[in-house]
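Thank you all for coming; I would like to take a few minutes to walk through one structure that may be new to most of you. Please have a look at it first, and then we will go through some residues together.

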Amino acid sequence: MATHFFGLTDRTFNYSHSVGRNEFGGTGFRNPVDLAIGDDDLVYVANRSYENRPDGVRISICTLNENFIGEFGSYGEGDGEFMWPTSVALDGDGKVYVADDWLNRISIFDKDGNFLSKWGTSGSGDGELNGPASLCIVDDTVYVADAKNHRIQAFSLDGKFKAKCGSFGDGPGQFNMPWGIDVDVDGNIYVADWRNDRIQKLSPSGESLAVCGSSGSGIGQFNRPSDVAVDQNGDIYVADRENDRVQVLAPDGRFLTALYGDHKLSKWGVEKLQSNPDMIRQRALAVAHDRGEFEKRFCHPCAVEIDSQNRIIVVDHIRGRLQVYVKSAEPVLV
């Protein structure tokens, strides 16, 4: 009997490790909202912190091997400062772009965090912003999820308006506070349509191609999805924030699996415990209560990225950490 390959693959997602711990500065994160992955495993993490603790607002630089490189930015309205950072992205030259939901602007830094420039003005006209929630950079185009204007806009790297699509509503091609955004290898645009609890796929010109998901907690349902990412094979990853999970969908929108968190102490976490005996005792009691299940799980995962090595990095917002998974895909014999 002959064995045939029909283009089907069997995917597995294995937890690798975690990066980070809750900190207002230095080796950790505080209410991280997004990340961008650069060369040499360099990771930029946007920390939103709390309104009553603005000292935690910053961009952290580290590696996926948990080497701390540095941080930049602080709370404020001046050049190189942030009020409510929402997203971070890198261009082809390694420059860092940070969206600010409150200031309605995009700030640009070099790879070391030195401020270079900014663009963006408040409003609802072409090229104006009202709550930029997510960035995705492809070649010389910056795609912005313009959340409170309920649309997607495209800009040049220096902020010149190129195009827009979308309007308020729940029909195909309409949005209610679009949040996360990604672009696949064919130029199609994927949007986490936050208040509509769904994912939309648009053509490169902004025409609606597909809509998947509905409100709820069941398979393929979403509760305030805050980010979407597409890997090289077209599989779709959704940060299903209020359901405390990441759902994985096939290219046609079929549900494949869900990730709920498998955290084990990071290197930075171990270092903090070793310096604090009281914390070791407190953690031991908590872990004994439920065998560590609570500690392992996501709490409001708000962003997800995939790198060139098929690693899925999930921003675990409340827990102040990144959880890293590795995808394996093998052909299915039929």
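**Asp146 and its surroundings**

Leaving aside residues up to four places away in sequence, Asp146 touches Glu128, Leu129, Asn130, Gly131, Arg151, Gln153 and Pro178. Please keep in mind that this is a predicted model. Asp146 lies in strand E11, which covers residues 141-146, and with a relative accessible area of 0%, which is under the 20% cut-off, Asp146 therefore counts as buried. Two of the neighbours just named come up again when we look at the side chain of Asp146, which reaches the backbone nitrogen of Asn130 at 2.8 Å and also makes a polar contact, at 2.9 Å, with the side chain of Arg151.

Let me turn now to His17, which is found in strand E1, residues 5-19. Is His17 buried or exposed, or something in between? The relative accessible area of His17 is 24%, and because the partly exposed class runs from 20% to 50%, His17 is partly exposed. Not counting residues up to four places away in sequence, His17 touches Leu64, Leu322, Gln323 and Val324, and the side chain of His17 reaches the backbone oxygen of Leu64 at 2.7 Å.

Finally, a word on the aromatic rings. The count comes to 13 aromatic pairs, and ring pairs link Phe72, Phe82, Phe109 and Phe115 into a cluster. There are also charges over rings to point out: Arg30 lies over the face of Phe24, 4.0 Å from the ring centre, while Arg224 lies over the face of Trp194, at 5.3 Å from the ring centre.

Terms used
Residues are numbered from 1 along each chain as its sequence is written. This is a predicted model: local features need pLDDT of at least 70, side-chain atom pairs count only at pLDDT 80 or more; totals for chains, interfaces and linings use all residues. Side-chain values use heavy atoms; hydrogens and water are left out. Helices (H or I, at least four residues) and strands (E, at least two) are DSSP runs, numbered from the N terminus. Buried means under 20% relative accessible area, exposed over 50%, partly exposed in between (1.4 Å probe, protein chains only). Contact means heavy atoms within 4.5 Å. A polar contact is a pair of N or O atoms within 3.5 Å; within protein, one must be able to donate a hydrogen and the other to accept it, and residues adjacent in sequence count only if both atoms are side-chain atoms. Rings of Phe, Tyr and Trp (its six-membered ring) pair if their centres lie within 6.5 Å; planes under 30 degrees apart count as stacked, over 60 as edge-to-face and the rest as tilted. A charge sits over a ring if NZ of Lys or CZ of Arg is within 6 Å of the ring centre and within 35 degrees of the ring normal.
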